[in-house]
Amino acid sequence: MAQLRQALDSRPLIDQARGVIMASGRCGPETAWRVLVDTSQRTNTKLREVARLLTRATHQEPLPEWLRSAVSASCARAARAARQNGTAG
């Protein structure tokens, strides 16, 4: 039950982080979701923590360099995959 509560509490934060990626990466919601998940998995960081750091960066808090690099790489992978599949971001 606690895990479900945590998931529900994290949802707005994750949606905000998707918006940040959509705005900065000029991609759609599905691609932004893939970028968040990919970044979380490749950095071994909880998705909600990635989302928290991304949204804090919109309030003049610096984005850690490791996260900036990981998100950038995830965006590049998502763009490549979209081009290969002939789909839009």
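Helix packing and loop residues in a predicted model

Me: Which helices are included in what covers the buried residues of H4?
Reply: This is a predicted model. The buried residues in question are Leu67, Ala70, Val71, Ser74, Ala78 and Ala82. What covers them includes helix H2 (29–43) and helix H3 (47–56).

Me: How wide is the arc that the buried residues of H4 cover around the axis?
Reply: An α-helix has 3.6 residues a turn, so residues three or four places apart point the same way. In H4 the buried positions are Leu67, Ala70, Val71, Ser74, Ala78 and Ala82. They lie on the same side of H4, because the arc they cover around the axis is only 110°.

Me: Which exposed residues does the face of H4 turned away from its buried side carry?
Reply: Exposed here means over 50% relative accessible area. On the face of H4 turned away from the buried side, the residues that pass this cut-off are Glu65, Arg83 and Gln84.

Me: How far apart are the end C-alpha atoms of H4?
Reply: Helix H4 runs over residues 65–85, which makes 21 residues. At 1.5 Å a residue, the expected span is 30 Å. The model agrees with this, since the end C-alpha atoms are separated by 30 Å.

Me: What distance does H2 reach from its first C-alpha to its last?
Reply: H2 has 15 residues. Its reach from first to last C-alpha is close to the value expected at 1.5 Å a residue, and that reach is 21 Å.

Me: At roughly what angle do the axes of H3 and H4 cross?
Reply: Two packed helices are described by the angle between their axes and the distance between the axes. The axes of H3 and H4 come within 11 Å and cross at roughly 105°. That makes H3 roughly perpendicular to H4, because the class takes in 65 to 115 degrees. The crossing angle asked for is thus roughly 105°.

Me: How many nonpolar residues are in the contact of H3 with H4?
Reply: From H3 the contact takes Val50, Leu53 and Leu54, which meet Trp66, Leu67 and Val71 of H4. Polar and charged residues are absent from this contact, and the nonpolar count is 6.

Me: Is Arg26 buried or exposed?
Reply: Arg26 sits in the loop between H1 and H2. Most residues other than glycine have a negative phi. Arg26 has a positive phi near 50° and is not a glycine. Its relative accessible area is 77%, and the cut-off is over 50%, so Arg26 counts as exposed.

Me: What is the phi of Gln60?
Reply: Gln60 belongs to the loop between H3 and H4. With 74% relative accessibility, Gln60 is exposed. Although Gln60 is not a glycine, its phi is positive, at about 65°.

Me: Which residue takes a positive phi just after H2?
Reply: The ends of two helices can be read in turn. Just after H4, a positive phi of about 70° belongs to Gly86. Just after H2, a positive phi of about 55° belongs to Asn44.

Me: How far apart in space are Met1 and Asp38, C-alpha to C-alpha?
Reply: Met1 is in the segment before H1 and is exposed, at 83% relative accessible area. Asp38 is one of the buried residues of H2. The two are 37 residues apart in sequence, and their C-alpha separation is 26 Å.

Me: What separates the C-alpha atoms of Ser24 and Ala57?
Reply: Ser24 is part of helix H1 (residues 2–25) and is exposed, with a relative accessible area of 58%. Ala57 is 33 residues away along the chain, and the C-alpha separation is 12 Å.

Conventions:
Residues numbered from 1 in each chain as written. Predicted model: local features only at pLDDT ≥ 70, side-chain atom pairs only at ≥ 80, totals over all residues. Heavy atoms only, no water. Helix = DSSP H or I, 4+ residues; strand = E, 2+ residues; numbered from the N terminus. Expected span 1.5 Å × (residues − 1). Buried < 20%, exposed > 50% of the residue type's maximum accessible area, 1.4 Å probe, protein only. Arc of directions from axis to C-beta. Contact = heavy atoms within 4.5 Å. Axes fitted to C-alpha atoms, helices over the stretch in contact; angles between N-to-C directions. Parallel < 35°, antiparallel > 145°, perpendicular 65-115°, else oblique. Nonpolar A, V, L, I, M, F, W, Y, C, P; charged D, E, K, R; others polar.
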